[in-house]
Amino acid sequence: MQSQRERREVRPRAGWTVMGKGVAGPSALEVGKILVLFLCLFPSVSLQCKILKCNSEFWASTSSSGPEEEFCTALRAYNNCVRRTARTCRGDLAYHSAQHGIEDLMSQHNCSKEGPTTQPRARTPAPPPPPQLQPDSQERSDGPEQCHYERSLPRHSSPPNYTHCGFFGDPHLRTFSDDFQTCKVEGAWPLIHNKYLSVQVTNTPVVPGSSATATSKLTIIFKNFQECVDQKMYHAETDELPAAFADGSKNGGDRHGANTLRIVDKVPGQHVEIHARYIGTTIVVRQVGRYLTFAVRMPEEVVNSVEDQDNQDLYLCLHGCPANQRIDFRTFRDRAVEGHGPAKSRTGSQSHGFTYQAAMAKCKERLPVEDLYFQSCVFDLLSSGDINFTMAAYYAFEDVKMLHSNKDKYHIFEKNAFGSNAAPRGSDMFSLVLLNCLAMLLWIECCWVHL
């Protein structure tokens, strides 16, 4: 980025620690904010433990100041919600931390454990402006020039080059350089990590005992930037696709350019978009079936804005999956084509009812072009049997059409995606031919000696 776009940054001590603005003496409400943020980030919260739902409801009901009595009512409702999760969350450190946090807040505010516990209600968002006024309204809310990426660039400079990364299905990765890979990557992995934001996904097994995984959690951290935005975190997981940041807000905070970072709820519980205009970035998060998909449009300059001391080897959107985590689904597909009846899954067991022909026919309904999105759909049906992966591949390609800057690169075909893998095989073949030629020459020379 240009020198005028240097930002104020508070460097976290480790990985995913998030720092807030310092204050002289934190209030109980601010303690609650820190508690909610800690619980959203804590990785031990499982899909069955719904402590995050309790946290978001409590924060939504206390994010604006109000009478002490209302705060105590919300706190008692929070306590009841946490107690209802006892069976699925017992033994979880985040659950026990919430219990202690509630006790501390009740003590600080002199709240009685007995009293009304009306379920807290989230704030009703302000109605959107009329469509005809939206451009003018948006223009006024942009704030300083440096809070709008394209306007902050030097005059007469060439237009920025926008790139795309997508992550979906079982799981399939399209990198910023348009490489297409199928990976294992079970557990937590970083997709993006640069000066302006970080994205991490957590992948869990689709079928017990299988190496097939899919994304069940997603965390995005937008780092504070000049007078544009405060540091914000977005966290989603299966059946929890919020239309707000972890602190309950929908924009970049209290700075002049706060509206250059905002969340748009496209389809409640299924499709959320995050627009970060101060860095020219758009992020699309979807839930399809039980799993999440991720897609991003980002300027090349922002993509490469890594910090020298950062270890970028595992930045999947930039470098792809590690070699030992990649899967060549052509081998899997070839076995399916050669066999009769249902194909074998990656573990060697029978796949879940789909023959290769049936999977082809199902994917063809949504993806008529037999590119790698189509092939990934077939692969996912054969390896998992989950029909929702058909829609995951379909929406991933729809996101490409919306976010990719070059329409000629929407489709990726096998010869393009595996070109880098083909080179070593061609080199090996050349070496083998050369060795055969040398062996033949030695044999001829030996024959001449004996003659």
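In the predicted model, buried residues account for 47% of the 451 residues of the protein chain. The surface that the protein chain exposes comes to about 23,000 Å², of which 54% is supplied by carbon and sulfur atoms. When contacts in the protein chain are restricted to residues at least 6 apart in sequence, 61% of them join residues that are at least 24 apart. The secondary structure of the protein chain comprises 15 helices and 12 strands, and the strands are described below sheet by sheet.

One open sheet contains 8 strands, arranged in the order β8-β9-β10-β11-β1-β2-β3-β12 with antiparallel pairing. Its edges are formed by β8, which spans residues 261-267, and by β12, which spans residues 326-327, and each of these strands pairs on one side only. Within this order, β11 is followed by β1, and the two strands, residues 291-299 and residues 162-168 respectively, pair in the antiparallel sense over 6 bridges. The register of this pairing can be followed from T163, whose bridge partner in β11 is M298. In general, the strands of a sheet pair through backbone hydrogen bonds, either parallel or antiparallel.

A helix is also associated with this sheet. Helix α13, comprising residues 388-403, lies across β1, β2 (172-174), β9 (271-276), β10 (281-288) and β11, and runs at about 165° to β10.

The other sheet to be described is likewise open and has 4 strands in the order β4-β5-β6-β7, again with antiparallel pairing. Here the edge strands are β4 (187-193) and β7 (232-237), each of which pairs on one side only, and the twist from one strand to the next averages 20°. Between these edges, strand β5 (residues 197-205) and strand β6 (residues 213-222) run antiparallel and are joined by 9 bridges. One of the residues that define their register is S198, for which I221 is the bridge partner in β6.

Burial was further examined along helix α11, which spans residues 356-364 and in which Y356, A359, M360 and C363 are buried, each having under 20% relative accessible area. Viewed down the axis of α11, these buried residues fall within an arc of 100°, and they therefore line one face of the helix. The spacing of such positions follows from helix geometry, because an α-helix has 3.6 residues a turn, so that residues three or four places apart point the same way.

Terms used
Residues numbered from 1 in each chain as written. Predicted model: local features only at pLDDT ≥ 70, side-chain atom pairs only at ≥ 80, totals over all residues. Heavy atoms only, no water. Buried < 20%, exposed > 50% of the residue type's maximum accessible area, 1.4 Å probe, protein only. Contact = heavy atoms within 4.5 Å. Areas by Shrake-Rupley, 256 points an atom, 1.4 Å probe, with all protein chains shown as cover. Pairing = 2+ DSSP bridges. Axes fitted to C-alpha atoms, helices over the stretch in contact; angles between N-to-C directions. Arc of directions from axis to C-beta.
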